[in-house]
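Hi everyone, thanks for coming. I'd like to walk you through one model today, so let me put it on the screen.

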Amino acid sequence: MIVLDACAAIEMVRQTPVGNGLQSLMLCNEKVVAPELYRVEVGSVVRKIRRNEHLGKELADKYYDKAIALVDDFVPTPELSTEAFAESLRLDHSTYDMLYFVLARRTMGTLFTLDKRLIALCEQHGVNSIDLVPFNCGEAGN
């Protein structure tokens, strides 16, 4: 089971070296899940790329659609939010990220993320994650 976050997905659909590395780690029949928030986060990441790289709307739409299509199942926020909030307080990390953390822990899946701080939390707390990270997703700006 793979828990996919938005930044990792966008790197995969853009076929960057990191994205290709993540893609190569996915097995053919491995199920991919994400919190339903993923859809909104993908939109936000694509918007940043469009603004920062002057990406055309057609390509932005393509990135969005392909990133959404990578996920087999979206887990509703209410199923994760109470535990994610508690973990965000306990670990002093964003509740958004804790949705992915909690989902990976619950499913015993591997979190595909580009967030160095989140990867470190996963390592510290026994949650599987992949570390191919050259940068943090949020570094591109708002």
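Which residues does UniProt list for "domain: PIN"? The UniProt record, an unreviewed entry, gives residues 2–121. Please keep in mind that what you see is a predicted model. Within residues 2–121, 65% is helix and 11% is strand, and the C-alpha atoms at the two ends lie 17 Å apart.

Let's go to helix 2, which covers residues 17–25. Which of its residues are buried? They are Val18, Gly19, Gly21 and Leu22. Looking down the axis of helix 2, you'd find these buried residues within an arc of 160°, so they line one face of the helix. As a reminder, an α-helix has 3.6 residues a turn, so residues three or four places apart point the same way. And what do the buried residues of helix 2 pack against? Their partners are helix 1 (6–14), strand 4 (110–112) and strand 5 (128–130). Turn to the face away from that buried side, and you meet Pro17 and Ser24, which are exposed.

Now for strand 2, residues 32–35. Here Val32 and Ala34 point one way, Val33 and Pro35 point the other way, and all are buried. That fits the textbook picture: side chains in a regular strand alternate between the two faces of the sheet.

Strand 2 also has neighbors to show you. It pairs with strand 1 (residues 2–4) in the parallel sense over 2 bridges, and Val3 stands opposite Val33. Strand 2 is also joined to strand 3 (residues 73–75) by 3 bridges, again running parallel; there, Ala34 has Phe74 as its bridge partner.

Thanks, and I'm happy to take questions!

Methods
Residues numbered from 1 in each chain as written. Predicted model: local features only at pLDDT ≥ 70, side-chain atom pairs only at ≥ 80, totals over all residues. Heavy atoms only, no water. Buried < 20%, exposed > 50% of the residue type's maximum accessible area, 1.4 Å probe, protein only. Helix = DSSP H or I, 4+ residues; strand = E, 2+ residues; numbered from the N terminus. Arc of directions from axis to C-beta. Contact = heavy atoms within 4.5 Å. Pairing = 2+ DSSP bridges. UniProt positions renumbered as here; feature names shortened; annotations may be inferred.
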